[in-house]
Amino acid sequence: MTHTSPPLPARLTDPRPVVVLGTVAWLVATVVVLAAGDRWASALPICYAGLAVGAAGFALFLVQRAAARRGSRTAQRGLS
């Protein structure tokens, strides 16, 4: 007897809101650290890294979605 679960709703599988919210959170953190001056200067590289990871994640999502739309065999499935 095999049990199959129903598919998740599209709103729960869409990575865009998570990537955008995470990147915006790092942007806000960067602005706060810059406004705080020298007191939080050691946290600035971490904020820049967070922004870079968010941008790279969104770029990777766009590349994978384009490959899925193209029909590439190596693309992730379920991206629209």
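Which residues in H2 meet which residues in H3? Let's work through that and a few related exercises; keep in mind that this is a predicted model.

**Exercise 1. List the two sides of the contact between H2 and H3.**

Start with the H2 side: Arg-16, Val-19, Val-20, Thr-23, Trp-26, Leu-27, Ala-29, Thr-30, Val-33 and Leu-34 take part. Now look across to H3, where their partners are Leu-44, Ile-46, Cys-47, Tyr-48, Gly-50, Leu-51, Gly-54, Ala-55, Gly-57, Phe-58, Phe-61 and Arg-65. Sort the residues of this contact by character and you get 15 nonpolar, five polar and two charged.

**Exercise 2. Work out how the axes of H2 and H3 are arranged.**

First, recall what to look for: a pair of packed helices is described by the angle between the axes and the distance between them. Next, find the stretches: H2 covers residues 16–36, and H3 covers residues 44–70. Their axes come within 9 Å and cross at roughly 160°. Now use the cut-off: angles over 145 degrees count as roughly antiparallel. H2 and H3 are therefore roughly antiparallel to each other. One last detail is the hand of the crossing, which is left-handed.

**Exercise 3. Find the aromatic pair and describe it.**

There's one aromatic pair in the structure. Its members are Phe-58 and Phe-61, with ring centres 6.2 Å apart and planes at 35°, a tilted arrangement. Where do the two sit in H3 relative to each other? They are three residues apart in that helix, so about one helical turn separates them. Then check how much of each is accessible. Phe-58 has a relative accessible area of 30%, so call it partly exposed. Phe-61 is at 9%, which means it is buried. Both residues also appear on the H3 side of the contact with H2.

**Exercise 4. Is Ile-46 buried or exposed, and how far from Thr-30 is it in space?**

Begin by placing Ile-46: you'll find it in helix H3. Its relative accessible area is 54%, so Ile-46 is exposed. Now count along the chain: Ile-46 and Thr-30 are 16 residues apart in sequence. In space, the two C-alpha atoms are 8.8 Å apart.

**Exercise 5. Do the matching job for Leu-21 and Pro-9.**

Leu-21 belongs to helix H2. With a relative accessible area of 61%, Leu-21 is exposed. Leu-21 and Pro-9 are 12 residues apart in sequence, and their C-alpha atoms are 20 Å apart in space.

Methods. Residues numbered from 1 in each chain as written. Predicted model: local features only at pLDDT ≥ 70, side-chain atom pairs only at ≥ 80, totals over all residues. Heavy atoms only, no water. Axes fitted to C-alpha atoms, helices over the stretch in contact; angles between N-to-C directions. Helix = DSSP H or I, 4+ residues; strand = E, 2+ residues; numbered from the N terminus. Parallel < 35°, antiparallel > 145°, perpendicular 65-115°, else oblique. Left-handed = near helix turned anticlockwise from the far one by under 90°. Contact = heavy atoms within 4.5 Å. Nonpolar A, V, L, I, M, F, W, Y, C, P; charged D, E, K, R; others polar. Phe/Tyr/Trp six-rings, centres within 6.5 Å; stacked < 30°, edge-to-face > 60°. Buried < 20%, exposed > 50% of the residue type's maximum accessible area, 1.4 Å probe, protein only.
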